[in-house]
Each structure stands twice: as structure tokens, then as C-alpha cells.
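Please open the structure in your viewer and keep the selection tool at hand. The tour below goes from one selection to the next and says what is there.

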Amino acid sequence: MNILVWHVHGSWTTSFVHGKHRYLVPVTPDRGPYGLGRARTYPWPDSAVEVTPQQLRREEVDVVLLQRPEEFDLACDWLGRRVGRDVPAIYVEHNTPKGDVPNTRHPMADRDDLLLTHVTHFNELFYDNGGTRTAVVEHGVVPPAVGWTGELDRLAVVINEPVRRWRVTGTDLLAPFAEIAPLDVFGMRVAGLADHLGLPADRLTSHDDVPQHRMHAELARRRAYLHLCRWTSLGLSLIEAMTMGMPVVALATTEAVEAVPPAAGALSTRVDVLVEAARRFVAEPAEARRAGEQARAAARGRYGLDRFLADWDRLLEEEVCASR
């Protein structure tokens with residue numbers, strides 16, 4: 001199939017474009033949010049091709065994959081076709097609901113011209129989807145090229161925009177963990193985080209916008225992975241860390257309670273319990289290794305790339321065939 005898909009979430013799109021199809025990725029001269037083109041810090045196959053809005057008019061598009069409400073009208077304009085009528089449409093929701101939870105209505109609620117697909121069962125449950133048809137395709141990740149060693153008695157965290165998102169990403173919870181071991185925080189716009197938390201520079205090091213392969217290599221050397229998000233969808237960095245064999249210390253919120261088995265580390269809504277678990281992993285590398293092995297087995301069993309792509313193939317074929 002020829003699939004029109006915007007580059008919105010780098011890790012998720014990296015997994016998606018590893019399928020057997022041809023992926024048309026919009027690109028504009030400014031490479032802005034609606035024309036970012038191919039990823040430059042993630043490994044994408046040649047089957048993901050950049051197309052301009054003008055070129056899209058001449059492309060045979062089999063299905064449109066939407067990820068933001070405004071993409072619907074944009075796709076209609078760029079294709080010169082009625083999305084959802086002349087060409088089937090699937091809307092992928094990556095995020096947890098905001099606002100009046102659990103009464104938040106999804107922006108695509110009560111529509112009959114698309115399939116609303118969530119990336120977690122938690123999100124499907126908590127959104128008010130109205131009468132729109134829904135499905136869930138759980139995450140899948142391209143296996144990182146490195147495995148956990150845990151040679152450094154430091155703790156790793158991956159957060160994008162930790163200052164702006166603060167309580168959402170659990171940024172305010174980092175300080176007690178920094179008393180146990182130095183923290184390495186990777187992600188976008190993480191520079192200066194130690195100052196915002198009032199921590200000495202030697203207790204928290206920021207690694208801003210590191211390419212994925214380099215980030216994986218650095219994560220794998222840290223003793224354990226912290227996932228302190230209060231209200232985010234299931235982060236792919238968490239799954240990647242587990243796939244590498246990292247033990248996990250995680251808040252028991254949203255989909256994390258399904259993704260992280262107890263044997264893979266520690267899962268709790270009590271910060272003191274998580275702090276003690278992190279302390280134990282730092283002090284006892286052998287225990288960290290045992291938990292990491294459980295994390296690897298769980299992640300590879302549930303979030304493997306082959307399963308993810310097979311689920312998407314079934315969904316795409318059903319939607320395209322139904323429209324013919």
C-alpha cells in the first residue's frame with residue numbers, strides 16, 4: 001500500500017515505517033510541524049519517501065494515517081480527495097486525554113468516516129470516543145542494538161520537555177532519586193534541568209536531544225531506568241529500555257501497570273517505595289540484572305516489532321478492503 005503518514009512522533013513512526021508498505025511522508029521547505037519529512041536521528045528504511053504537497057496530488061494513496069485533528073483538512077486539500085470517503089482514513093491517538101478526565105471527548109468522537117486507533121487500552125478506556133469505531137494497536141519497537149551492562153551506578157531517565165511538562169512527566173519527583181545516585185536525563189529541552197530542580201550539577205546531568213543510537217548506548221550503561229510519569233501515554237523509551245534488559249523503577253500509572261511486570265523492577269504509586277527500590281538496584285547489581293532479564297522478556301514478548309507490524313497490516317487491510 002501507499003500510506004500517507006506525517007512524521008509526528010519519531011520513535012513510533014520509526015517502528016511503523018519498518019513495515020512492507022511505501023510510506024509517503026510530507027515535506028515542506030521549512031520542514032515545519034506539517035512537513036518535517038524523513039527523520040534525521042532515527043534509522044528509517046528507503047520505503048519511507050518524502051513527498052511535497054504538490055506531489056501528493058499525483059500519488060495513488062491507499063490510506064491516510066492521521067495523528068492530529070488538523071491533518072484531516074490538510075490531507076483533503078493536498079490530495080484533492082475527500083479523506084474518509086474517497087480514501088480510507090485511520091486516526092492514531094498517541095496521548096492520554098486532557099481536561100475533564102474521564103469525561104474528555106476525543107476530537108474524532110462520533111464520526112463515521114474513520115477508524116480511531118489508540119496505542120494503549122488505557123487511552124481507549126479513558127477517552128469518550130462517542131460512536132466512532134475504535135481499535136487498539138499496542139506499541140512495538142525496533143530492538144536497540146545494545147544490551148544492558150549497568151556498569152555505572154547511575155540512574156537513567158528519558159523525558160521530553162521536563163520543565164514545561166513538570167508534574168505531568170513527574171519531573172518534580174526526581175530530587176529524592178538524585179540523593180541515591182547521580183541522574184542522567186535524556187530528551188528534548190532538558191538543558192538546565194538541575195538548576196530548575198535546585199540540584200548540584202554533579203547530581204543531575206542533562207543530555208539534550210541525543211541521537212537515538214547514542215542514547216541507547218548510554219542508557220544501557222546505567223544501573224536502572226526511572227519512569228516517573230504521572231499522566232502520559234506509554235513511552236517508547238520505557239519499552240526500549242526494558243528491551244535492552246534494564247530494570248525499571250516506575251510509577252504505577254496509566255498503561256505502565258500493564259507494561260511493567262512486578263519482577264521487572266518496582267511499580268508503585270508510593271514514591272518512597274520506588275526510592276528504596278532504586279537504592280537497592282544501585283547497591284546490588286546482581287539484583288538489577290535479574291530484574292532486567294525479566295524486563296527484557298516481558299518487553300520482547302509483548303512489544304516486539306513483528307507483532308506490531310502484523311497488527312497494523314491486519315488493520316490496514318481491513319480498512320482498505322472495506323472501502324472498495
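Leaving aside neighbours within four places in sequence, which residues is phenylalanine 177 in contact with? In this predicted model, select Phe177 together with Leu155, Leu183, Leu226, Leu228, Val249, Val271, Leu274, Val275 and Ala278, which are its contacts once those sequence neighbours are set aside.

Now widen the view to the largest nonpolar core, which has 82 residues and in which Phe177 and Trp312 have the most contacts. Helix α13, residues 305–322, is the next selection, and with 7 residues this helix gives the most to the core. If you colour domain 1 (2–140 + 305–323) and domain 2 (152–303) separately, you can follow how both give residues to this core, which therefore lies between them. A second core, separate from the one just shown, has 19 residues, among them Trp6, Leu79, Val83 and Met108.

Turn next to the sheet, which is open and has 7 strands with parallel pairing, in the order β3-β2-β1-β4-β5-β6-β7. At its edges stand β3 (48–51) and β7 (134–136), and because each has a single partner strand, one side of each is left without a neighbour in the sheet. From one strand to the next, the twist averages 30°.

For a closer look at one pair, select β5 (residues 89–93) and β6 (residues 115–118), which run parallel and are joined by 4 bridges; isoleucine 90 has leucine 115 in β6 as its bridge partner.

Finally, select helix α3 (residues 71–79), which lies across β1 (2–5), β2 (22–26) and β4 (63–66) and runs at about 150° to β4.

Technical notes: Residues numbered from 1 in each chain as written. Predicted model: local features only at pLDDT ≥ 70, side-chain atom pairs only at ≥ 80, totals over all residues. Heavy atoms only, no water. Core = buried A, V, L, I, M, F, W, Y, C linked by side-chain atoms within 4.5 Å. Buried < 20%, exposed > 50% of the residue type's maximum accessible area, 1.4 Å probe, protein only. Helix = DSSP H or I, 4+ residues; strand = E, 2+ residues; numbered from the N terminus. Domains from an automatic or database assignment. Contact = heavy atoms within 4.5 Å. Pairing = 2+ DSSP bridges. Axes fitted to C-alpha atoms, helices over the stretch in contact; angles between N-to-C directions.
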